[in-house]
Each structure stands twice: as C-alpha cells, then as structure tokens.
Amino acid sequence: GSGIVFRLVDLHSDTNNNEHHTSEISVTELIVRRGQAFKLTLKLSQPFNLDPSEDLGTKSRFGVPGRSLHSASAKAVWKAELQRGSSPETGVLVLIVSPPADAPIGEYTLSASFKDKEKVLANFSVLFNPWSSDDWVFLPKEEERREYVLNEQGIIYRGGGDYISPMFWDFGQFEQGMVKICLKMLDLNVKYWLNPADDVSARCSPIYVSRVVSAMINSSDEGGVVMGNWGNDYSGGFPPTYWSGSYAILKQWYNSYYRSVRYGQCWVFAGVMCSVMRLLGIPCRVVSNFQSAHDTNKNLTIDNYFDNNGAMERESKDSIWNFHVWVEGWMRRPDLAKDGKYDGWQVVDPTPQERSEGLFCCGPASVTAIRNGEVDLKYDVPFVFAEVNADSVYWLVRSDGSRTKIFSDTETVGQNISTKAVGSYKRVDLTNTYKHREGGLTCMDSRGRSSYFFSGLRLFVMQVSGGSKVNQELTAEVVFTNPIDETLSDCSMSLSGSGLMIGQEITK
C-alpha cells in the first residue's frame, strides 16, 4: 500500500476559539473569525520537504475550484505559513492560516494534497469579526462588543404612550447548534436557490447577509422562521406573549425541518433576528419605537379621512402602532458613500410589513440617512423615515369627493425610541439619533455661552380662559418653568397651529 501521508490534524479548537471570541459557542468545533489568523497542526506519516515545490506535490494551494492557483482578480485570498517550532523532518507541521477580512462567512472544508493524494482534514466555520479593523462590522469599543455581540441576555421595550414596559429576552445566540441553525437559514433563502454561487459569494458583505436574515426570520416568504399573527386566534401554536427567548423558536424551526413557528409579533421577530446577527458576528441591538407609523403608499404621511359629521369617511391603509420593534446592525456602508458618512447603526426590520425588491424584508437603512431625511438611499429609508417621522394628516372629504386638509400632527409619530444601555439594564433614548427635535424653547445661559433646547410639554402649563368655541377667539396663558439652575435670557417661544390661529404669535 501507499500508506497514509496525512496521519492526524489538530485544529486547536479550544485555544483558537478562545482567541477568536467563539469559545462560548464551542470548544470542540473550530469556529474562527475572518481577518484573524488561527493555528492548526498536521502530523504526517513521513518527513516533510522543507523546500516545497509543485513537482514534488508539497506546495499547498488555497482556492476554489480545486487545484487552481488564485488569479490576480481573485476575491478573498487565504494565506498559510509554516510556524517556527514546526518539525518537518519528523512530519509535524504547525500552520498559521489567515482568512481574509472579506471572506464569505459560512462553513468551510479544509483539505490537503500530497502528490496525487488528497484528504479532507476538517470542517470549520468562519464568522464576521467585529474585533478586526479590516472587517466591515468592526466595532471599536470593547464594552460595546461585549454588549452587542457577546451578551446573551437583553431587554425589549413595549407599551404605549408614556408607559414603557421592559421585558427580559434571552437571546441565547451561543446555545448548542446555533451555528448550524443560522447557517442553514442562509442556505434556505430564495437568492441561494436562484443562484447558489452568487449568494454564497455575497455572504462576504454584512449588508447582504443582514438583508437575507431580515427576510428569513418571517414566514411571509418560503421557509421563514416565525409566522406572524395579529389576531386573537392562536390555535396550532402559542400566542406571541408566550415567548421569552430566541433559542426555543430557532431550535423548533430547525428540528421540524424548517416549518414556521407559530406565532410572533414585532418584538419576537426582532428578538430572534438579534440572536442570529450576534451569532454571525454582526453587532446588533433591539430598538423599540413608540407611536410607530406604517406608511403603505410611500407618501411619508399617515392619512385619516373624515366626513362633515366627523365620522371616519373611509378606512385608511396607513396606521400608527402603539409601538414597533426592529433591530439595528452595526456595519460600514461603502455602497452609499466612500467617506464613511453612513457607516454605523443600520435599521433592519424582520417584521413583514411591505415588500422590498419582491420580498418581505426591510433594510439595512442607515440611521444617519433616516435622520437627514435622505429618502433616496437604499435600503428602504423612506419606509423607516415614515415610521419615526411621518406627519399624521386629517382630511375632510366632501360629498363631491374633494378633500381639504383639516389638521397636520407633526409630533405624535416616533417617540421614546428605546434600547437597552451598554453594560446595564437601563433604558437609552435614541430618538435624537433618528430625528431632529420638533418644537420647543431655545435659550442662552446668563453668560450668553451655552445654548439650551427644551422640548417636552412638561415645562409648560397652559391655562385657557373663557372656554373654547369654533370661530371665537380665546385667551391662553402659558407659564414656563425653568428646568435648570441657570438664569435664562434671550428666550423665545413660538405658538402655532394648523390654520386654527390668527397669525403666529411669537413671545420673547
């Protein structure tokens, strides 16, 4: 017999996984992050020639397909080098293997060839790397990486109006089998079925992967994880309030050969998506928006129609939800600007609301673009902009079908946008990252240096005398309470209404 050249491979899974921040997932299966080297040891049944050559079959080559050397235009070129301390003369090779920072994430097979012999040595997984500055998901602060990648517990905010209720959620992204579950999810997406090669190649991009995950979490397209239900009949499953974590849902989906789990609503979709994103290595957090608009016709307003008697003239497809929950993923957006203007947090929403490029998915939409109202940018910026910033417009519909705008409410939509704080269970208000302040009082301090901006009606007490009647003037006294221990000067307050007031009074 010719003998076995490759006798043993040691993947050093324990130490490699520890260095790659994946030891919480496994210490027996090799799981590495791209853009970071890992070590493996090959034990051969005969000495290894220190001067490798193609003629002797000892020159290792990485590439797809098969034996071809990579071309000058090749994407994602891996590197391997012999570590000092190797003992080739005794057949022990210690290799340092480096996956590039733009390698597609997923499962890989490592094989080695010697002359005409080739052997599969191992299978391992490659994930995104928020610790690597070359990776598009690089997150500079360690405490944020601990929160948005490694933390398996969190809080999701629900409620309505000024009543915000926290619920604990167990993300469980490092539970047993989660790598297989999440990578299987990628393989079941419709783009993979249409063109497997292009889909797997595109998994180098967190922009692409997060969009795919957004579509796969809901069951509105084939094979999704969670089925939505906004009614009262939950037969055949559990009500959305039953769930308190992601792992039970993902495990049930996987073990049932990918039958959608019944049932979820927005916070369930978002909680499950956050788990998948963190497992894959994309920093992620769950965000709740109160008084969240659903704009169906992309006109950036929520339209309400009334007849002369004040009755709802017809049902509008637009609506305002008490709250809505999505996730933010952290990534670069070189597809939008080369200067990094739109890098950072991106809204990705797995709740099926409107189709985007034919599928029920949403995002990633740059939070910077949303705040700036740049609704021409991809993906789905107009929809998310409306969720936090739409005006609620009330129309009078006359008998002849003509419409007159009665009132436009610019303040109700998009309040108390909330997420869990880094390293604690406090609530952080993100509203100012999504929208510019609307209305309020602007002042200078007594030294004329710092400027203050107060928005929030609790600073004002308004008293109306003489009652209010249509087509009659009324008098209102406004009392302002200074919220700080500074003497304020040069203050101005504006009072305005939508066609209901005589002019606009400005008081200094």
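**Exercise 1. Identify the residues, outside its own sequence neighbourhood, that Trp267 touches in this predicted model.**

Solution. Leaving out residues up to four places away in sequence, Trp267 touches Ile156, Arg158, Met167 and Trp169, and it also touches Pro240, Thr241, Phe323 and Val325. As a next step, place this residue in its wider setting: Trp267 and Leu280 are the residues with the most contacts inside the largest nonpolar core, which has 58 residues. Two or more residues of this core come from each of the strands β8 (153-160), β9 (163-170), β12 (284-294) and β15 (319-331), and likewise from each of the helices α3 (178-187), α6 (206-217), α7 (247-255) and α8 (266-280). Of these elements α8 gives the most, with 12 residues. Finally, domain 1 (6-50 + 76-127) and domain 2 (142-434) both give residues to the core, so the core lies between them. As a general background, nonpolar side chains in soluble globular proteins tend to be buried together.

**Exercise 2. Describe how the axes of α6 and α8 cross, and state which residues make the contact.**

Solution. Two packed helices are described by the angle between their axes and the distance between the axes. Here the axes of α6 and α8 come within 10 Å and cross at roughly 145 degrees, and the crossing is right-handed. On the side of α6 the contact is made by Val209, Ser210, Val213, Ser214 and Ile217, while α8 brings Phe269, Val272, Met273, Val276, Met277 and Leu280. Sorting the residues of this contact by character gives nine nonpolar, two polar and no charged. The spacing along each helix can be read against a general rule: an α-helix has 3.6 residues a turn, so residues three or four places apart point the same way.

**Exercise 3. Determine how many of the residues of α3 are buried, and which ones they are.**

Solution. Apply the cut-off for burial, which is a relative accessible area under 20%. Seven of the 10 residues of α3 are buried, so this helix is largely enclosed by the rest of the structure. The buried residues are Met178, Val179, Ile181, Cys182, Leu183, Met185 and Leu186. For the chain as a whole, buried residues make up 45% of the 508 residues.

**Exercise 4. Locate the cis peptide bonds at Tyr263 and Pro364, and the positive phi angles of His12 and Asp380.**

Solution. Start from the general expectation that most residues other than glycine have a negative phi, and that most peptide bonds are trans. A cis peptide bond joins Arg262 and Tyr263, with omega at about 5 degrees, and Tyr263 lies in strand β11 (residues 261-264). A cis bond also joins Gly363 and Pro364, where omega is about 0 degrees; Pro364 is placed in the loop between β16 (344-348) and β17 (365-366).

Turning to phi, His12 has a positive value of about 50 degrees although it is not a glycine, and it is found in the loop between β1 (6-10) and α1 (13-19). Asp380, also not a glycine, has a positive phi of about 65 degrees and is found in the loop between α9 (367-372) and α10 (381-389). As a last step, check burial: His12 is buried, with a relative accessible area of 18%, and Asp380 is buried, with a relative accessible area of 18%.

Key. Residues numbered from 1 in each chain as written. Predicted model: local features only at pLDDT ≥ 70, side-chain atom pairs only at ≥ 80, totals over all residues. Heavy atoms only, no water. Core = buried A, V, L, I, M, F, W, Y, C linked by side-chain atoms within 4.5 Å. Buried < 20%, exposed > 50% of the residue type's maximum accessible area, 1.4 Å probe, protein only. Helix = DSSP H or I, 4+ residues; strand = E, 2+ residues; numbered from the N terminus. Domains from an automatic or database assignment. Contact = heavy atoms within 4.5 Å. Axes fitted to C-alpha atoms, helices over the stretch in contact; angles between N-to-C directions. Left-handed = near helix turned anticlockwise from the far one by under 90°. Nonpolar A, V, L, I, M, F, W, Y, C, P; charged D, E, K, R; others polar.
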